[in-house]
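Here is a short tour for anyone who likes to look at a fold one feature at a time. Keep the viewer open and follow along.

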Amino acid sequence: MDGFDLQGVRDGVSAAAGPLQTWVLPALLGLGLASATGLRTFLPLLMLALAARFGLFGIALNEQMSWLADWPAIAALGIAAVVEFAGDKIPVVDHGLNVLGAFTRPVAGAVAAGSVFAGLDPTTAAVAGIIVGAPAAFAFNAAQGGARLTSTATTGGVGNPVLSFLEDILAFFTVILAFLAPILVPVVLIVLAVLVFRLAKRLREKLYARDGATAGATRSP
């Protein structure tokens, strides 16, 4: 009877861990980061840059994107994040940021996702970032825009700053989740999608009910 081939098991584990470390975990991490950029363009990039700078959560950047962890980039991202945070609490400005975000946030999502494919060559990492990051960021930005329009219609814009603050929190904790447990990112994103859909549905129902009541009162003699 042959002995247990411990070395064979180790080789098998190492072979399986290669694709996991090179493709799967970076893709999940990039998906979480990109989804957060769909809500806030600069905050996720700032958090990624700081994590890479200080070696937190085992974050490593692709060689081509190592400049993100340089202090000038961190300073610029910090200023941009503060400006975006403040501007998104101002009526009208928040809608302008959301419209602009339809173009800038998919780019930010692609940059964030591509940056964490540290084991790939720069071109492949950039392509992977576009595939993973751009659609996720665009989808979350579109969902944010729909929620803002519905909030504006139902609250006259009064509820938008509160909604904006909730988005800040959501973006922050989505990045933290991606750092700590990227394997959970798809599950959490599915749950968030369901919650956002239900919330939007309720807001639309309230809007239609209000419009119906207004129309009924107008037709009354």
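## A charge over a ring

Let's begin with a small detail: Lys-89 sits over the face of Phe-85, 3.7 Å from the centre of the ring. Please keep in mind throughout that this is a predicted model.

## The overall build

Stepping back, the chain contains seven helices and zero strands. Read from the N terminus, the order of elements is therefore α-α-α-α-α-α-α.

How much of the chain is buried? Of its 221 residues, 39% are buried. The accessible surface amounts to about 12000 Å², and carbon and sulfur atoms hold 75% of that area. Contacts across the sequence are also worth a look: among those with a separation of 6 or more, 72% are between residues 24 or more positions apart.

## The nonpolar cores

The largest nonpolar core is made of 30 residues. Which residues have the most contacts inside it? They are Leu-29, Leu-33, Leu-48, Ile-59, Leu-61 and Phe-179. At least two residues of this core come from each of helix H1 (6-37), H2, H3, helix H4 (93-115), H6 and helix H7 (185-219). H2 is the biggest contributor, giving seven residues.

Ile-59 offers a good view into this core. Setting aside neighbours within four places in sequence, Ile-59 is in contact with Leu-29, Leu-48, Ala-51, Ala-52 and Phe-179. Another core lies apart from the largest one; this other core has six residues, including Phe-117, Ala-125, Ala-128 and Val-132.

## Phe-57 and its aromatic partner

Searching the whole structure turns up four aromatic pairs. One of them joins Phe-57 and Phe-179, with 5.0 Å from centre to centre and 20 degrees between the planes. That pair counts as stacked because its angle falls under 30 degrees. The two partners come from distant parts of the chain, 122 residues apart: Phe-57 belongs to the loop between helix H2 (43-54) and helix H3 (71-87), while Phe-179 belongs to helix H6 (residues 160-180).

Are these two rings buried or exposed? Phe-179 is buried, with 7% relative accessible area, whereas Phe-57 is partly exposed at 40%. The backbone of Phe-57 deserves a glance too, since its phi is positive, at about 60 degrees, although this residue is not a glycine.

## A buried glutamate in H3

Now move to Glu-84, which is part of helix H3. Glu-84 counts as buried because its relative accessibility is 6%, under the 20% limit. What does its side chain meet there? A polar contact of 3.0 Å connects the side chains of Glu-84 and Arg-105.

The surroundings of Glu-84 hold further residues. Beyond those up to four places away in sequence, Glu-84 touches Arg-40, Thr-41, Phe-42, Leu-43, Leu-97 and Arg-105.

## Val-92 and the positive phi

Most residues other than glycine have a negative phi. Val-92, however, has a positive phi near 75 degrees. Where is Val-92 found? Its place is the loop between H3 and H4. There Val-92 is exposed, with 66% relative accessibility.

## Two more places to visit

Ala-76 is a residue of helix H3, and at 45% relative accessible area it is partly exposed. In sequence, Ala-76 and Leu-46 are 30 residues apart, and their C-alpha atoms are 8.9 Å apart in space.

Val-158 lies in the loop between helix H5 (122-155) and H6. A relative accessible area of 65% makes Val-158 exposed. How far is its C-alpha from that of Pro-91? The distance is 8.4 Å, for two residues that are 67 residues apart along the chain.

Note on methods. Residues numbered from 1 in each chain as written. Predicted model: local features only at pLDDT ≥ 70, side-chain atom pairs only at ≥ 80, totals over all residues. Heavy atoms only, no water. Phe/Tyr/Trp six-rings, centres within 6.5 Å; stacked < 30°, edge-to-face > 60°. Helix = DSSP H or I, 4+ residues; strand = E, 2+ residues; numbered from the N terminus. Buried < 20%, exposed > 50% of the residue type's maximum accessible area, 1.4 Å probe, protein only. Lys NZ or Arg CZ within 6 Å of the ring centre and 35° of its normal. Contact = heavy atoms within 4.5 Å. Areas by Shrake-Rupley, 256 points an atom, 1.4 Å probe, with all protein chains shown as cover. Core = buried A, V, L, I, M, F, W, Y, C linked by side-chain atoms within 4.5 Å. Polar contact = N/O pair within 3.5 Å; in protein donor to acceptor, adjacent residues only side chain to side chain.
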